[in-house]
Every structure is written in structure tokens, then in C-alpha cells.
Amino acid sequence: MATPVSPPGDDDPCERTAAVDPAASARFTRPGGMFSSLRVRNYRYFFAGQIVSNTGSWMQRIAQDWLVLSLTGSPLAVGITTAMQFLPTLLLGLFGGVLADRMPKRRLLIATQGAMGVLAAGLAAMTVTGVVTEYYVYAFALLLGLVTVVDTPTRQAFVSEMVGPEHLSNAVSLNAANFQTARLVGPAVAGLLIAAVGSGWAFALNALSFAAVIGGLLAMRTSELRPVDRIPREKGQLREGLRYVKERPDLMWPLVLAGFIGTFGFNFPTLLSGFARGVYHVGPGQYGLLNTAMALGSLAGALYAARRGAPRLRWLTGAALGFGLLEVLASAAPGYWTFAVLLTLIGIFGLTFNTSVNSYVQLSTDPEMRGRVMGLLVLVFTGGTPVGAPLVGWVTDVYGARVGLLACGAVSALAAATVGLVLARCADLRLRVDLHRGNGGRVVAFVPRQPARKSELAAAC
């Protein structure tokens, strides 16, 4: 792991990066097994509770999107629902990171998970009794977003307190695998429930699922946690977090890329509902299968990431570029099953980027700043959804789902290529193409322009 250092007298902001500890770098780069973090007892409880809760959350997500689509018949309304859920992150995301740094994370998570369960139960009651309208769904999505502002950065930063830095990258990848395993089960179960008894019962089962994660948190041995010193309440802590990232180009540019991918690339609730109804003319069961196809790829990407150890910047940009190009290709898919196969590949590349940027940012950040930096990551990755989701929904309504997906993929690929070139320039790297290399050497690679002056950012690439 790298300890962030700003060398005195260094006037080049591109050189103000993490100083690399060779021993630590070797420790975090060399994988310790696909499931090494599950050796930690507290993390096992957390992991078990999360897989139940995540399954319920995916059931609610699919049921919520289908409920709004059934009430309105408009992909734009689905985009508005998504925007309402992520609007609080856009407005208040940094405050959630500050709270994560100030308060005991385990207690904070018990409170946020309980609040989510209450909201799911309320939406279930309104749906089962038949009084729900799209405006009530918008309101519940907004309330859920307010809770998520605090829950997400706290939950992500809490992983390091459970497993320590030696298992952090593996635990982040296993969290993603957990989430994607639930994504395989949740949409399929939700599709069956919606067809059989309606969306309300999917919301009810989600409400019950939060008991599992709260039980796992209560069962932890607090003596085995590795809490960091909580920061006192002071003025200027938001500005301090922003200044910290600004002075670290190895953090700033991955966050910029995450902002573009999150705002434009990950608008699948809006896009998939448009493809299901407007392009392939299928029902809720087949709509759920599209989400399952993407989840299969995402699960494969997560398990692969769990074996690789700590990521590098080239993985981030490469995965983001592949993700965008595959979206462009999928926009022209002639049939339902071809589209489903391409969604599987999109899931692999999208999840690789997601886990890589998450673990890279955590491993590269000082512990006392981790909550705020993770809050900023959540802000840029999901906070752009209130802008991107309605925009993509409008394009899908007016020009069709194919044009919407094409635009999202093109923006994602262009952002990845641009950030990759900026990082290479910042690290004083150049692209080398050598068609005559053998013995396992790379044909295409970034190498230092001046080998004797290889920078810390170049090492991170």
C-alpha cells in the first residue's frame, strides 16, 4: 500500500503522488487466495448478512422500475425515479463521507440499514393496498437516497476496519461478487413475484432482508475491529478532503473517470426497460433475465478481480474503455439473445472498473481521510445519476433505446481514452508498440520517457 506524501518543494502537481513502499507494494499486489478475506470472522458475518440484504435490494430495484413503468408506460418516468434516489448523493454526498469519518461506523450502519428496512416496508404496504402512484414511488426513492448518502461511504470505509489493509483489495472484490450473486437471484425472483402476486411482495421481502445484515453487525466482535481515529467536528473538513484529492492526480483522474462512467455509462434501469418494451417487446420475466445476464458477467469480473490483488491505473482505464466500446456494440444488437450475451461482457468490464477504482482509491488514501474520499467517489460515481438518468430517459423516449445506449457508450469510451492519455502525460509515459518482442513481452505498453526519472505516478500506472 502507498502512503500519500507531498514532497516538499515539488511544484509539479502531477508528481505529488503516493510514495511507494516496495515491501507494501509486493504484499498488496500478490494475491492471497480468492476468498482470503473470509478468514476474518467479523467479515464473514458481514458478508453473510450482505448477500441476503443485497438479494432483497435487487428484488426491490427490479420491482420498483417495473412498477413505475406499469403506472406510466414511460422510460422517462423510470429515469426520474432513479434520479430521485440519487439526487441526495449529488447534493449531500460529501457530508456523508464526513459523518463516516466522525462517527463509529458499525453503529452508524445499524441505524442506516434499519431505516432502509422501514422504507421498504412502507412502500410494500402502499403497493399491496393499491394506493401507490408514481409520485409516492418518487418520494420513497428520495427518502432512500437520503439514507444512502450516509450508508454507502460508511459501509465502504468500514471494510478496512474489519479486514485491515492486507485483505482490503480482496474484500472489496468479494463485496462486488456478493452484490452480483444477489443480482443473479434477485431479478429472477422479482420477475416471478411480479408476474404471480405483484410488486408489493418483492418490497416486503426486501424489508425483511435487512434483519440479516443488522444481525451480522450485532454479532461482530468489536475487539477484533481495527477502527481508525475519528476526526473531531471542525470547520473546513469538506474543503480539506477536496484539497487532498486535488493534490493527488493519481486519485483525482480516476475519480473524474468514475464521474463520467457513473453519470452516462451506468443507466441500465432506464435503458434496459426501454429495450425490453420498445425494442424486443418482452415482459417482466425476460426483463429480469437481461439484468441476470449482466449480473453473470459482473460476477465473473468480481471473482477475477479477487484473484488479482491490488489494481493499477492501466486496469481502470482499460476496463472503462472496453465497457464503453461494448455498449456501442450492444446498441446495434439485432436480437434479444445477442443483446443478452453482450450485456454479460458489459458486466465483466463494468464490474472490473467498479472494483478496481474502489480498491485503488481506498488503498491509496490515508486512513483518516478515507471516509471523505470514499464519499467523493460515491458522489461522482452515483451523484451524476440525477443528471444522466433523466437525460438518457429523454433520449430513449424521443430517439429510442438504441440511440440512448449508443450515446452512453460513446461518452464512456471517450472519457476513458482521454483520462488514460492525461495520466500517461502526467506520469511522463509514452506508448511503445514493439511487434518484434518475444518471450512474453508486451507488444503494446506505456513506458517512461526518461527511464532514470520514473515517477511514483508512473509506478501506479
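This passage describes the nonpolar cores, one helix and three individual residues of a predicted model.

The nonpolar interior is a good place to start. The largest nonpolar core holds 79 residues, and those with the most contacts inside it are Leu-257, Phe-339, Ile-346, Phe-353 and Val-361. Helix α13, spanning residues 336-363, supplies the largest share of this core, with 10 residues. A second core, separate from that one, has 17 residues, among them Phe-47, Leu-109, Ala-171 and Val-172. Within the largest core, Phe-353 gives a helpful view of the packing. Setting aside residues up to four places away in sequence, Phe-353 touches Leu-257, Ala-258, Ile-261, Leu-316, Ala-319, Ala-320 and Phe-381.

Three of these partners, Leu-257, Ala-258 and Ile-261, are among the buried residues of helix α9. Helix α9 runs over residues 249-265, 17 residues in total, and reaches 23 Å from its first C-alpha to its last, close to the 24 Å expected at 1.5 Å a residue. The helix is mostly covered, with 12 of its 17 residues buried. Besides the partners of Phe-353, the buried set of α9 includes Pro-249, Asp-250, Leu-251, Pro-254, Leu-255, Gly-259, Gly-262, Thr-263 and Gly-265. As a reminder, an α-helix has 3.6 residues a turn, so residues three or four places apart point the same way.

Two serines come next. Ser-199 is part of helix α7, which covers residues 199-218. Because its relative accessible area is 9%, under the 20% cut-off, Ser-199 is buried. Its contacts, not counting residues up to four places away in sequence, are Ala-63, Leu-67, Thr-127 and Ile-194. Of these, Ala-63 is 136 residues from Ser-199 in sequence, yet the two C-alpha atoms lie 5.2 Å apart in space.

Ser-331, by contrast, sits in the loop between α12 (313-330) and α13. Ser-331 has a relative accessibility of 8% and therefore also counts as buried, the limit being 20%. Its side chain reaches the backbone oxygen of Val-328 at 2.5 Å. Leaving aside neighbours within four places in sequence, Ser-331 is in contact with Phe-275, Arg-402, Leu-405 and Leu-406.

The last residue, Gly-278, belongs to helix α10 (residues 268-279). Its relative accessibility is 52%, so Gly-278 counts as exposed, the threshold for that class being over 50%. Gly-278 and Asp-397 are 119 residues apart in sequence, and their C-alpha atoms are separated by 9.3 Å in space.

Methods
Residues are numbered from 1 along each chain as its sequence is written. This is a predicted model: local features need pLDDT of at least 70, side-chain atom pairs count only at pLDDT 80 or more; totals for chains, interfaces and linings use all residues. Side-chain values use heavy atoms; hydrogens and water are left out. A nonpolar core is a set of buried Ala, Val, Leu, Ile, Met, Phe, Trp, Tyr and Cys residues joined through side-chain atoms within 4.5 Å. Buried means under 20% relative accessible area, exposed over 50%, partly exposed in between (1.4 Å probe, protein chains only). Helices (H or I, at least four residues) and strands (E, at least two) are DSSP runs, numbered from the N terminus. Contact means heavy atoms within 4.5 Å. A polar contact is a pair of N or O atoms within 3.5 Å; within protein, one must be able to donate a hydrogen and the other to accept it, and residues adjacent in sequence count only if both atoms are side-chain atoms. The expected span of a helix is 1.5 Å times one less than its number of residues.
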